[in-house]
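Got your viewer open? Let's take a walk through this one, stop by stop, picking out residues as we go.

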Amino acid sequence: MKAKIIVATIVLVAWLSACVDVFQAGIVSDLTILVVDAALNNLDTEQHISIMESVNAKGTVFNIPVQNAKVEVLENNSNRISFIEKREGIYVPPANFRLKIGNTYQLVFMKSDGKSYESGIEKLSGISEIINIHDVFEMNGIQKGDKYLPANYVFIDTQDPEDEANNYLWTWQQWEKQDICITCEGGRYNVNTGCLRQAQYQGQFFDYYCEGNCWDILKNTELNVLNDVLSNGKLIKNRLVAKIPYYSTNGTLLEIQQQSISVEAYKYFKLLAEQTQNTGTLVDTPPAAIIGNIKNINNAIEPVVGFFFVTSITKKRYWLDRNVPNTLKIQPIGLRDHPLNQEPPIPNEFGRPPLVKCLLGPTRTPIKPDGWGE
């Protein structure tokens with residue numbers, strides 16, 4: 001049972017955040033599992049395939065890049081597209097690579113030790129546009145432990161095409177204005193060296209303001225999929241796609257992505273969501289092992305985490321103004337898990353506290369996002 005739970009945990013974490021190097025699984029096991037993040041889309045952005053080995057050491061799972069692999073994608077079972085290793089364990093296609101609606105794709109790769117793997121065959125389908133986005137404020141919107149946090153529920157409308165089977169996956173990205181760029185524990189911040197521990201500040205923490213504008217980039221942590229068996233050819237109306245906590249009185253910018261996926265990918269992600277997002281008890285039925293569509297050609301029983309799939313994506317940005325909770329004078333929860341606490345002033349020590357640069361990265365940006373404040 002423990003092995004099955006940890007596999008489910010690795011799958012979800014790998015899919016949601018392939019760049020994470022370490023996370024806490026909370027389960028002691030001796031598993032070493034091949035983890036493949038292989039989602040290709042039709043957007044004009046860099047495509048990549050990540051191949052890692054997750055090694056569990058007493059509840060902490062480390063992702064070790066699989067280097068020097070031969071990675072290819074077969075288009076229409078004939079055209080071989082070679083991916084090259086751009087970074088450790090990260091493989092990218094040629095610059096002119098573009099997915100084409102109606103074509104099929106299959107991932108094949110061989111590790112440096114000679115072990116060969118292949119995925120199932122995926123076909124790229126088109127995707128309808130998002131017609132409308134709206135939100136509703138919920139005072140008890142998100143459960144966290146024994147408490148409920150205020151949140152905005154975000155809904156979309158989209159027209160499902162007639163006479164074809166469609167499967168949807170919704171994801172979102174949020175830009176939230178941030179004023180604190182770092183929190184130092186047990187010490188103070190130095191612009192040259194970062195947080196420095198000092199004995200006199202043991203057990204204390206200090207927050208430091210950002211230098212200039214800064215936005216935190218937040219993303220969905222849950223899977224949201226739908227099969228159109230009950231809505232074929234109809235308007236999909238008021239589909240809940242995001243629950244955004246009421247972090248601040250300021251507005252926030254969202255980008256909703258609507259994706260088309262195959263029926264096999266839909267079944268995989270639906271099972272993954274059921275096993276990792278549902279709350280249960282120790283007397284519940286143990287989760288079944290989650291089987292993706294990637295396998296060792298010569299050893300079918302080797303556990304391989306991940307699902308190779310291709311997807312068409314349409315996206316739409318939405319300005320969430322937070323007028324309702326502001327009018328109701330609801331207290332925002334803040335982005336920090338603690339009240340603001342600045343370092344105390346020291347006589348004759350000038351230039352403190354310092355400001356912290358907002359560094360561009362996957363979870364933060366100093367660049368004003370398109371659509372901000374609209």
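Start by selecting residues 205–211, which are strand 18, and then add strand 26: these two pair in the parallel sense over two bridges. Strands here are DSSP runs of E with at least two residues, helices are runs of H or I with at least four, and both are numbered from the N terminus. Two strands count as paired if DSSP finds at least two bridges between them. In general, strands of a sheet pair through backbone hydrogen bonds, either parallel or antiparallel. Click on E211 and look across to strand 26, where its bridge partner is K357.

Before moving on, a word on what you're looking at: this is a predicted model, where local features need pLDDT of at least 70 and side-chain atom pairs count only at pLDDT 80 or more, while totals for chains, interfaces and linings use all residues. Residues are numbered from 1 along each chain as its sequence is written, and side-chain values use heavy atoms, with hydrogens and water left out.

Now widen the view to the whole sheet. Three strands make it up, in the order 15-18-26, and the sheet is open with mixed pairing. Which strands sit at the edges? Strand 15 (180–185) and strand 26 (356–357) do, each pairing on one side only.

Stay with strand 18 and pick Y209, which is found in it. Is Y209 buried or partly exposed? Its relative accessible area is 30%, so it is partly exposed (buried means under 20%, exposed over 50% and partly exposed in between, with a 1.4 Å probe and protein chains only). Add L340 and L355 to your selection: with Y209 they form a nonpolar patch on the surface, with about 240 Å² of accessible area together. Patch members have over 30% relative accessible area and no salt bridge (a side-chain nitrogen of Lys or Arg within 4 Å of a carboxyl oxygen of Asp or Glu); nonpolar side chains (Val, Leu, Ile, Met, Phe, Trp, Tyr) are joined within 5 Å, like charges within 9 Å. The areas come from the Shrake-Rupley method with a 1.4 Å probe, and for residues only the protein chains shown count as cover.

Next, the loop between helix 3 (323–327) and strand 26, where you'll find P353. The peptide bond leading from R352 to P353 is cis, with omega near 0°. N348 is in that loop too, between helix 3 and strand 26. N348 has a positive phi of about 65°, although it isn't a glycine, and at 71% relative accessibility it counts as exposed.

For another positive phi, jump to N76, in the loop between strand 6 and strand 7. Its phi is about 55°, and it isn't a glycine either. N76 is partly exposed, at 38% relative accessible area.

Time to go inside. Select V36, L40, I49, I51, V71, L107 and F109: they have the most contacts inside the largest nonpolar core, which has 24 residues. (A core is a set of buried Ala, Val, Leu, Ile, Met, Phe, Trp, Tyr and Cys residues joined through side-chain atoms within 4.5 Å.) Strand 9 gives the most to this core, with three residues. Apart from this core lies another, of 16 residues, including I133, I244, I256 and Y318.

Finally, zoom out. The protein chain has three helices and 27 strands, and buried residues make up 46% of its 374 residues.
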